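Subject: The two-chain model, and what turned up in it

Hi,

Here is the structure I promised to pass on. Have a look at it first, and then read on for what I found.

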Amino acid sequence: MWTAVSVLALLGALFGMILGYAAVRFRVQSNPLVEKIDSILPQTQCGQCTFPGCRPYAQAIADGEADINQCPPGGEAVIHALADLLGRDPKPLNPEHGAHKEKIVVEIDEDLCIGCTLCIQACPVDAILGAAKQMHSVIAEECTGCELCIPPCPVDCIYVVPAAQDINHWKVPSPEPLVQARS
Amino acid sequence: MSKRLFRFNGGLKLADFKTGSTGQPIVQAPIPPQLILPLQQHIGEPAEACVKPGDTVTRGQEIARARGAISASIHASSSGVVHAIEKRQVSHPSGLLAPCVVIDTDGLDRPQQAPVIIGDAYLQQTPDAVRKLVRAGGIVGMGGAGFPTAVKLKPGPEHGVDLLVLNGAECEPYISCDDMLMRERAPAIIAGARVMMHALGARHAVIAVEDNKPQSMQIMAQAIRDSGAENIELRGIPAIYPAGGEKQLIKVLTGIEIPAQALPINAGIVCHNVATAEAVYRVIYQGEGAVSRVVTLTGNVSQELNLDVRYGTPVEFLLRTYGIDPALVAAITIGGPMMGYSLHAIDAPVSKTTNCIIVKQQGAALPFSNHGGTRPCIRCGNCADVCPVNLLPQQLYWHAQSRDFDKVQDFHLFDCIECGCCDYVCPSHLPLVQYYRFAKTEIWAQEREKEKSDLARQRHEFRQFRLEREKAERAARHKQKAAALQAPSAEEAELAKKKAAIAAALERVKARKAQADTKPRNVDNLSPQQRQLIEEVDARRKQNRQQQKPGPEQKNSDTE
């Protein structure tokens with residue numbers, strides 16, 4: 001009987017040590033769920049979800065402080081992906097945060113720009129190029145269409161334009177759906 | 001190689017509607033007043049324009065240079081003056097504008113001053129040099145996809161090429177440009193094929209022609225005999241659509257099935273169109289870049305024709321030239337009825353991949369184009385029976401329709417060659433291929449979005465890092481300054497030292513003055529005379545001091 005007890009105790013100690021070592025060795029620095037949620041979010045960094053950027057929103061979702069339907073740029077697709085990831089039911093986009101729009105970029109009217117740098121400070125992805133008292137310009141490739149640069153502009157020289165379409169990136173439209181997908 | 005032929009799954013026997021357009025020789029189409037040459041007529045990077053508006057160009061002059069590994073140059077297809085480089089309608093299913101070089105032709109069609117004609121001397125050139133010539137000639141696959149030919153003439157480091165397949169199957173209905181080319185320019189095709197074999201290091205070549213083109217086969221066989229090439233073989237293959245698909249053709253000829261993710265080169269086989277071989281011939285033997293191609297003009301037209309058309313000729317110009325009123329045209333299909341697309345704007349130009357123009361006039365009927373009303377899928381499975389790639393079209397349709405893009409890829413959407421067989425046999429007239437194209441482009445778009453959002457995340461994170469760093473740097477600077485304010489500077493120390501020296505000097509003066517007022521020593525036992533003298537001196541001194549006193553006092557108060 002004592003043999004059994006000592007063997008079990010030994011095994012317990014051994015596994016405890018392995019687990020303890022593994023916990024230290026393979027420690028996860030941040031919540032992996034936040035990373036996963038963040039990778040689904042569209043990274044416009046627009047703050048329409050009421051959080052200052054996509055990562056804070058991802059953190060809030062992971063902590064259960066925010067719902068999954070607060071991201072207008074992501075729209076239905078992001079809500080479905082989040083619902084899949086978190087095992088929740090998808091729900092319609094919360095209209096409080098805005099409506100889903102087609103992809104846009106902003107453009108600076110370079111004749112009107114006075115070079116105040118306010119938009120540069122507002123841009124979350126450093127997509128505006130310029131310096132004090134120099135004309136500013138938007139790098140359309142990098143612009144996420146968050147529109148955060150529009151309110152600070154003192155001369156209202158920033159306009160929203162639809163994102164440029166070119167032949168190589170053209171999407172074939174879906175044929176008219178014949179049968180509504182069963183829900 | 002065995003003489004046996006193989007069979008791919010499914011496929012269709014289609015009525016070919018080719019007799020009308022093969023009834024007469026290829027007609028030279030006139031040069032239009034304005035040529036519109038898109039900078040991208042191929043798969044890959046668009047070419048970069050190297051002329052400017054106002055420049056005079058000659059036929060065959062390079063007007064846009066290939067940019068990047070997978071790209072093709074564009075050449076002026078006639079002489080004239082560059083009108084503009086601007087966005088114009090191009091022949092593409094989207095109907096979007098794309099950058100083009102527009103040339104006002106002068107009608108003289110002047111050729112280049114000194115074309116580089118290699119001729120049979122290509123055999124002395126390295127394969128790499130031949131590839132460079134083909135690349136400079138702007139040759140792309142003319143079967144429809146438009147992949148730059150020079151890239152497909154490179155065997156790659158680990159693959160030797162055993163077999164060159166020249167595709168003369170031309171399996172789609174209506175299209176007969178390759179058929180006519182084989183009838184009229186067979187020696188050029190053979191010569192081009194030999195250049196290709198040299199570039200590839202291929203041992204054999206097989207020219208595959210569908211057996212519904214007996215005339216072409218006869219002429220090609222004669223041309224092969226005349227050329228004396230023993231390693232080029234002509235094979236007739238059964239006319240089953242889509243036998244002209246690259247992987248289908250290879251299966252028919254060799255029995256080898258090219259795996260889903262692989263290319264024919266992995267099996268040591270390279271496939272080129274016969275028209276591409278002819279274009280290669282023109283580059284090597286005539287020193288002429290890609291300037292024209294044969295296009296079938298067919299459908300509801302009075303005379304079905306095969307035209308030798310300069311690239312950049314607007315479709316509208318061709319219609320008017322051959323007696324078709326554009327106002328009466330209901331639809332124009334570019335390519336065949338199975339895989340083609342309808343043209344949005346009639347002023348779009350003929351490009352390197354335009355093999356057929358099918359005109360549908362208002363009120364006229366055209367086979368293949370009468371898709372009746374669509375009905376729900378009845379799961380009959382006809383589509384799976386005819387699919388030449390062994391896919392499950394109805395499953396693909398189901399998932400594409402419900403936008404389940406993961407599922408649709410599980411069913412190998414990207415192996416679909418969009419041949420349209422499933423569309424053709426569907427009793428419910430479902431636009432199946434359009435669903436697949438929709439799903440494909442949607443998936444690509446999602447991938448691009450993902451890349452873009454990853455980039456945005458990176459930039460946002462770097463910006464935050466930068467802001468933090470700037471804040472830290474500013475804080476550090478402030479701290480340094482505050483510390484500097486508290487510690488006395490070297491200048492101040494110097495000043496303090498000087499002040500101390502002055503104070504010390506003043507002290508010394510004061511002390512001396514105090515000493516001056518002390519009692520004089522050594523004045524005992526003096527004679528009366530001496531005493532009197534001393535008193536006199538003392539009196540004088542006193543007098544002097546009283547006179548001088550205000551001066552030094554004033555000065556002292558000033559310095560303090």
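A word on naming before anything else: helices (H or I, at least four residues) and strands (E, at least two) are DSSP runs, numbered from the N terminus. In those terms, Pro242(B) sits in the loop between strand E11 (232-237) and helix H6 (246-254) of chain B. Please keep in mind throughout that this is a predicted model.

**Backbone oddities**

I started with Pro242(B) for a reason you may like to check yourself: a cis peptide bond joins Tyr241(B) to Pro242(B), with omega about -5°. For context, most residues other than glycine have a negative phi, and most peptide bonds are trans.

Two histidines in chain B also stand out on phi. His412(B) is not a glycine, yet has a positive phi of about 60°. His412(B) belongs to the loop between helix H11 (405-410) and helix H12 (421-425) of chain B, and counts as partly exposed because it has 15 C-beta neighbours inside 10 Å. His429(B) has a positive phi too, near 55°. The loop that holds His429(B) runs between H12 and helix H13 (432-486) of chain B. With 14 C-beta neighbours inside 10 Å, His429(B) is likewise classed as partly exposed. A glycine with positive phi can be found as well: Gly138(B), which follows H1(B), has a phi near 70°.

**Two buried loop residues**

Is Glu172(B) buried or exposed? Glu172(B) is buried, since 26 other C-beta atoms lie within 10 Å. This glutamate is in the loop between strand E9 (163-168) and helix H3 (177-184) of chain B. Setting aside residues up to four places away in sequence, Glu172(B) touches Tyr241(B), Gly336(B), Met338(B) and Met339(B). Tyr241(B) is the residue from the cis bond above. From Glu172(B) to Ala484(B) the C-alpha separation is 86 Å, with their positions 312 residues apart in sequence.

Ala76(B) is the other one to look at. Its loop connects strand E6 (74-75) and strand E7 (80-89) of chain B, and Ala76(B) is buried because 29 other C-beta atoms are within 10 Å. Beyond its neighbours within four places in sequence, Ala76(B) makes contact with Val57(B), Thr58(B), Arg59(B), Gly60(B), Gln61(B), Ile63(B) and Ile103(B). Ala76(B) and Ala445(B) are 369 residues apart along the chain, and their C-alpha atoms are separated by 34 Å.

**Helix packing in chain B**

Helix H4 (residues 186-200) of chain B packs against helix H5 (residues 214-227) of chain B at an angle of about 55°, their axes being 9 Å apart. H4(B) and H5(B) are therefore oblique to each other, and their crossing is right-handed. Which residues meet there? From H4(B) come Ala186(B), Pro187(B) and Ile190(B), and from H5(B) come Ile219(B), Met220(B), Ala223(B), Ile224(B), Asp226(B) and Ser227(B). Sorted by class, this contact has seven nonpolar residues, one polar and one charged.

H4 also helps to cover helix H1 (residues 127-136) of chain B: the elements over the buried residues of H1(B) include helix H2 (149-152), H4 and helix H7 (274-286) of chain B. The buried residues in H1(B) are Val130(B), Leu133(B), Val134(B) and Arg135(B).

**Domains and the chain contact**

Chain A is assigned domain 1 (32-97) and domain 2 (102-165). Their C-alpha centres are 25 Å apart, and six residues of domain 1 of chain A contact seven residues of domain 2 of chain A. On the domain 1 side of that contact there are one nonpolar, five polar and no charged residues.

For chain B the assignment gives domain 1 (117-357) and domain 2 (374-479). Here the C-alpha centres lie 31 Å apart. Seven residues of domain 1 of chain B meet nine residues of domain 2 of chain B, and the domain 1 side divides into five nonpolar, two polar and no charged residues.

Finally, the contact between the chains takes 23 residues from chain A and 23 residues from chain B. The chain A side is made up of 12 nonpolar, seven polar and four charged residues.

Happy browsing, and best wishes!

Technical notes: Residues numbered from 1 in each chain as written. Chains lettered and ligands numbered in written order. Predicted model: local features only at pLDDT ≥ 70, side-chain atom pairs only at ≥ 80, totals over all residues. Axes fitted to C-alpha atoms, helices over the stretch in contact; angles between N-to-C directions. Parallel < 35°, antiparallel > 145°, perpendicular 65-115°, else oblique. Left-handed = near helix turned anticlockwise from the far one by under 90°. Contact = placed C-beta atoms within 7 Å. Nonpolar A, V, L, I, M, F, W, Y, C, P; charged D, E, K, R; others polar. Buried ≥ 20, exposed ≤ 12 C-beta atoms within 10 Å, placed from the backbone. Domains from an automatic or database assignment.
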